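Please open the structure in your viewer and keep the sequence panel visible. The tour below proceeds by selections, each followed by what may be found there.

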Amino acid sequence: NRQIQLAARPVGAPKAADFKLVTTPVPSAGACEVLLRTVYLSLDPYMRGRMSDAASYAAPVAVGTPMVAGTVSRVEASNNPKFAVGDWVLAYAGWQDYAVSDGTGLTKLDPNIGPLSYALGVMGMPGFTAYMGLLDIGAPKAGETVVVAAATGAVGSVVGQIAKIKGCRVVGIAGGAEKCRFAVEELGFDACIDHHSPKLPALLAAACPKGIDVYFENVGGKVFEAVLPLLNTSARVPVCGLIAHYNATTLPDGPDRTPVLMRNLLTKRIRMQGFIIFDDYGHRYPEFAKDMGQWLAQGKIKFREDIVDGLENAPQAFIGLLEGKNFGKLIVRVAND
Ligand code: NDP
């Protein structure tokens, strides 16, 4: 059983030496337990938080234990009457080949409905995050302008497409010409701006002639700075993620811009609200699954995956996620399905 463990808490950007590949005996299922084979492993930005012991909404991974992750796993052996050998489940088995579970928290998956890996993406945590953050906090109305960053990623790509379904003008922000082309031509966004351009503020302003009504925040940093002056009165800002800051070791240099932010919030009556998807919205998964299942079946939502082969490549792929190297939902194929 190969495991990728946290070897050291990263300082700044994670590096290969912060992870360690360890081989342990394959565990066996005890009474009422199942043995799970990891087939798809989800890599997500929140894992950077778990590598750190700074106070957060969830406990950190202990050094010397496997990194955590959602997985699509196959039941290889079962002593639990609820699961049969060959069943597919959504699990939280972590960065390893095998895991044992007593069945708690496992969700059975139907391999006949869409790709199994969708349970980690568009039908899973990222898709659910996009849906609730946009619709419940962003509350977009037809004709409004919605801006989303990390626009071709797991969450952002779904945010923009749902906003289109709701009749909004959608402007994406993404890293590079190829991602921007994809957002417009494949995902149907009205425009997409490359955040690597030094002209980001002016290009964004030109793409949002009526200002911004909903900004779905995935990134922070210079992207938020470009957005802030364009926010309209009564704008909503679901604060979903701040990936530009996850590797930061200090606060940014320069004048304290908090008063500028506060003045904008006050004078424009802007509503900014953070959320943690399962803590805040876990009970609303069924309504998401119903809508998303329909949109996928109707071809209204497209979902790009970036699949990396081999558990041993997970650390490098994760490091790349924090640098924008992924193009679509990042998944590791640990075994063939
Ligand atoms: P993505 O698939 O979008 O991958 C991350 C992307 O972030 C990269 O591809 C890159 O896209 C962009 N990025 C990385 N570093 C920077 C940077 N320094 N500046 C600007 N952009 C950067 O990831 P997800 O869709 O899984 O996650 C998107 C966001 O949603 C993250 O912030 C994540 O933490 C958050 N999230 C929050 C949840 C919640 O419950 N609150 C749940 C799930 C996700 P590009 O090249 O286009 O810049």
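How many residues does the largest nonpolar core have, and which of them have the most contacts inside it? In this predicted model, that core has 37 residues, and those with the most contacts inside it are L134, I162 and M292. Select these three to begin. In soluble globular proteins, nonpolar side chains tend to be buried together.

Next, colour the elements that give two or more residues to this core: the helices α2 (125-138), α3 (154-165), α4 (177-185), α8 (277-281) and α9 (285-297), together with the strands β8 (145-149), β9 (169-174) and β11 (212-216).

Now centre the view on I162. Beyond its neighbours within four places in sequence, I162 is in contact with Y131, L134, L135, M292, W295 and I301.

Move on to strand β14 and display its side chains, which alternate along the strand. D306 and V308 point to one face and are buried, whereas E305, I307 and D309 point to the other face and are not buried. Add β15 to the selection: β14 and β15 run parallel and are joined by five bridges. In β15, R333 is the bridge partner of D309. Between these strands the chain passes through α10, forming a right-handed β-α-β crossover.

Finally, select helix α10 itself. Why is α10 described as largely enclosed by the rest of the structure? Seven of its eight residues (314-321) are buried, so the helix is largely enclosed. The buried residues are A314, P315, A317, F318, I319, G320 and L321. Show their surroundings: they pack against β1 (2-6), β2 (19-23), β3 (34-42), α1 (46-50), β14 (305-309) and β15 (329-333).

Methods:
Residues are numbered from 1 along each chain as its sequence is written. This is a predicted model: local features need pLDDT of at least 70, side-chain atom pairs count only at pLDDT 80 or more; totals for chains, interfaces and linings use all residues. Side-chain values use heavy atoms; hydrogens and water are left out. Buried means under 20% relative accessible area, exposed over 50%, partly exposed in between (1.4 Å probe, protein chains only). Helices (H or I, at least four residues) and strands (E, at least two) are DSSP runs, numbered from the N terminus. Contact means heavy atoms within 4.5 Å. A nonpolar core is a set of buried Ala, Val, Leu, Ile, Met, Phe, Trp, Tyr and Cys residues joined through side-chain atoms within 4.5 Å. Two strands pair if DSSP finds at least two bridges between them. A crossover is right-handed if, with the strands pointing away from the viewer, the path from the first strand over the helix to the second runs clockwise.
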